[in-house]
Amino acid sequence: MEDAAGSILASLGRVRLVDLTACEGLPTDNYKICVSTLMQSLAQYSAAIIQLPPAEGALLRSGLDSAGLFFHQRGYNSGEAVHLDDAREWCKTSGYYVDHQMWLETYDYRPGVTATEPNGAMELPPSGLPDIFAVLGKVSRDILDAISFSLNLRSCAFTDILDNIPLRSQEVSSSVLSACCHSRPSFVGARQHSIASQDDGQLLIFSDQDQQMDKTFLTLVRSDRSGLYIKDMHGHWILVDGDLGPNDVVVYPGLALYQETAGYVNPAVCKTEVGNLQGCMFGRCSLVFKLMPKSVARLSGSEMTAAGHGVDAQFQVPIPVNDFMQTGHYVDQLFPKDTEPSSHAEQDSASFNSLMKKKNGSIRTKPLPPSKRLRLEAQRVLKERVQDIADKKGIKLRFCNIKECESHIRSLDSPCENIRTEIGWPQGVPFVHPHDLPNKAKLGFLEAYEPGWTASQQEIESQPQ
């Protein structure tokens, strides 16, 4: 997320939902601060923590208890439906599924679909799923509105590509709420697929999905035990649910949001690691809500273009959601390996960090490439400095085309002359979105609006444009 990577957060950002909910009129300072914290956390850690009101937090805890009992009382049957992860069925899953290799059981609740048992009888789900679906659906849309505000998009910019509220007759929800259970001890017949041993003797079950990316707008997760890891901007695995309060949920962005925001909001790369569950009857239970685009929509990035953002050619061609969901997306394709990821998930305990340092020696993660770091800084200064100046003067920023503006900056009566003068735009720098400026012009832009800004100019200018 290139326009929100300003201040550095020491840990995962945490905001209250009540402070993140938009109201009519001018945005309050508190709302701006919360949106900024959310976006900085998504930029650095690809995740954030949302604190729900007490009543909604209690509903989720009750739902987790119900899910634990649901899976615990369910016997193992080798004929149970196996989750084949068929991309063509992405918006049709409902009911109970098993992933034997991952030691994972899932119950999908999808409004508009009635789940049935193999014998045709209606399947009884964990209790409370409809209410939890409604709560997390509203939460996810509030978060999406906050992201829209940060990107200077119009209100409800994503409404046209989301499900109707409420669903119309015969409509099936694209979004889904999953109750999940990892490594239930009574799950007979499943096999532990991979075991790693720590030096202290504690066993960990490592997921094979080290490079998993959800094809969602947003994913909201609440678990009864920690174990969700997400890669931060440096390629380190970060435990994101290890310090949750009773009313907290974790939110992280997916590939659909990345596509629709033209790459400005990066998708999270995540995995689940389940600790030693000896003495635990229920395994590790989670509630996972996935806010999805509706199947008949198209992802185009048009809202980003309308807001004046630079949009790369790859995002300008509309793609039907169904085609998008059936297309393979790989981490290495989206994010070239500029950094060397850590060989093991980062742990919170100082003793484990010390142990890993001894094992790994002095291995260090490479910093961001200079050109990308420069782009992030330019996006931040646009948001924090230039936009603030324009707002105070009542100026609507409408950037020029870079080819046309090369002649504008040499003319005294150009269309953008007055705006450039009013906001103090640096001389000789085309009045275009900083995302589209050459590296040398980005440097001039940064030096004009943030005196004292320093960067290795020689290193940056040596990068290809």
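How do E2 and E11 pair, and over how many bridges? Select both strands and look. They run in the antiparallel sense and share four bridges. Keep in mind throughout that this is a predicted model.

**Stop 1: strand E11**

Stay on E11 and show its side chains. Six of its six residues are buried, so the strand is mostly covered. Turn the view to check each face. Asp248, Val250 and Tyr252 lie on one side, and they are buried. Val249, Val251 and Pro253 lie on the other, and they are buried too. Now pick Asp248. Its bridge partner is Gln51.

Next, add strand E8, residues 218-223. E8 pairs with E11 in the antiparallel sense, over four bridges. Pick Leu218 to find one facing pair: Pro253 of E11 stands opposite.

**Stop 2: the whole sheet**

Zoom out and select the strands in this order: E1-E2-E11-E8-E13-E5-E4-E3. These eight strands form an open sheet with mixed pairing. Its edges are E1 and E3 (95-99), each of which pairs on one side only. Look along the sheet to see the turn between neighbours: 25° on average, direction ignored.

Now bring in the helices that pack on this sheet. Select H3, residues 54-72. H3 touches E3, E4 (104-109), E5 (176-182), E8, E11 and E13 (284-291). Its direction makes about 120° with that of E13. Then select H4. This helix touches E2, E4, E5, E8, E11 and E13. The angle between the directions of H4 and E13 is about 55°.

**Stop 3: helix H2**

Select residues 29-45, which make up helix H2. Put a distance between its end C-alpha atoms: they are 24 Å apart. That agrees with the 24 Å expected for 17 residues at 1.5 Å a residue.

Which residues of H2 are buried? Show Tyr31, Cys34, Val35 and Leu38, then the run Met39, Gln40, Ser41, Leu42, Ala43, Gln44 and Tyr45. What do they pack against? Among their neighbours are strand E1 (14-16), helix H1 (17-20) and strand E2 (48-51). The list also includes H4 (129-150), E9 (228-231) and E11 (248-253). Step just past the end of the helix to Ser46, which has a positive phi, near 60°.

**Stop 4: where H2 meets H4**

Show H2 and H4 together. Their axes come within 10 Å and cross at roughly 95°. The two helices are therefore roughly perpendicular to each other. From H2, the contact uses Tyr31, Lys32, Val35, Leu38, Met39 and Leu42. From H4, it uses Ile143, Asp145, Ala146, Ile147, Phe149 and Ser150.

**Stop 5: salt bridges**

How many salt bridges does a search of the whole structure find? There are 12. Visit a few of them.

Start with Asp19 and Arg16. Their closest N and O atoms are 2.9 Å apart. Asp19 counts as buried because its relative accessibility is 16%. Arg16, at 43%, counts as partly exposed.

Move to Asp214 and Lys290. Here the closest N and O atoms of the salt bridge are 3.9 Å apart. Asp214 sits in the loop between E7 (203-206) and E8, while Lys290 belongs to E13, so the pair ties together parts that are 76 residues apart in sequence. Asp214 is buried, at 5% relative accessibility. Lys290 is partly exposed, at 24%.

Now go to helix H12, residues 417-423. The side chains of Arg420 and Glu417 meet in a salt bridge there, at 3.0 Å from N to O. Why do these two sit about one helical turn apart? They are three residues apart in the helix. An α-helix has 3.6 residues a turn, so residues three or four places apart point the same way. Arg420 has 7% relative accessibility and counts as buried.

Finish with Arg14, Asp243 and Asp248. Salt bridges with shared partners join these residues into one network. Asp248 brings you back to E11, where the tour began: it is one of the buried residues of that strand.

Definitions and conventions:
Residues are numbered from 1 along each chain as its sequence is written. This is a predicted model: local features need pLDDT of at least 70, side-chain atom pairs count only at pLDDT 80 or more; totals for chains, interfaces and linings use all residues. Side-chain values use heavy atoms; hydrogens and water are left out. The expected span of a helix is 1.5 Å times one less than its number of residues. Buried means under 20% relative accessible area, exposed over 50%, partly exposed in between (1.4 Å probe, protein chains only). Contact means heavy atoms within 4.5 Å. Two strands pair if DSSP finds at least two bridges between them. Axes are lines fitted to C-alpha atoms, for helices over the stretch in contact, and angles run from 0 to 180 degrees between N-to-C directions. A salt bridge is a side-chain nitrogen of Lys or Arg within 4 Å of a carboxyl oxygen of Asp or Glu. Angles under 35 degrees count as roughly parallel, over 145 as roughly antiparallel, 65 to 115 as roughly perpendicular and the rest as oblique.
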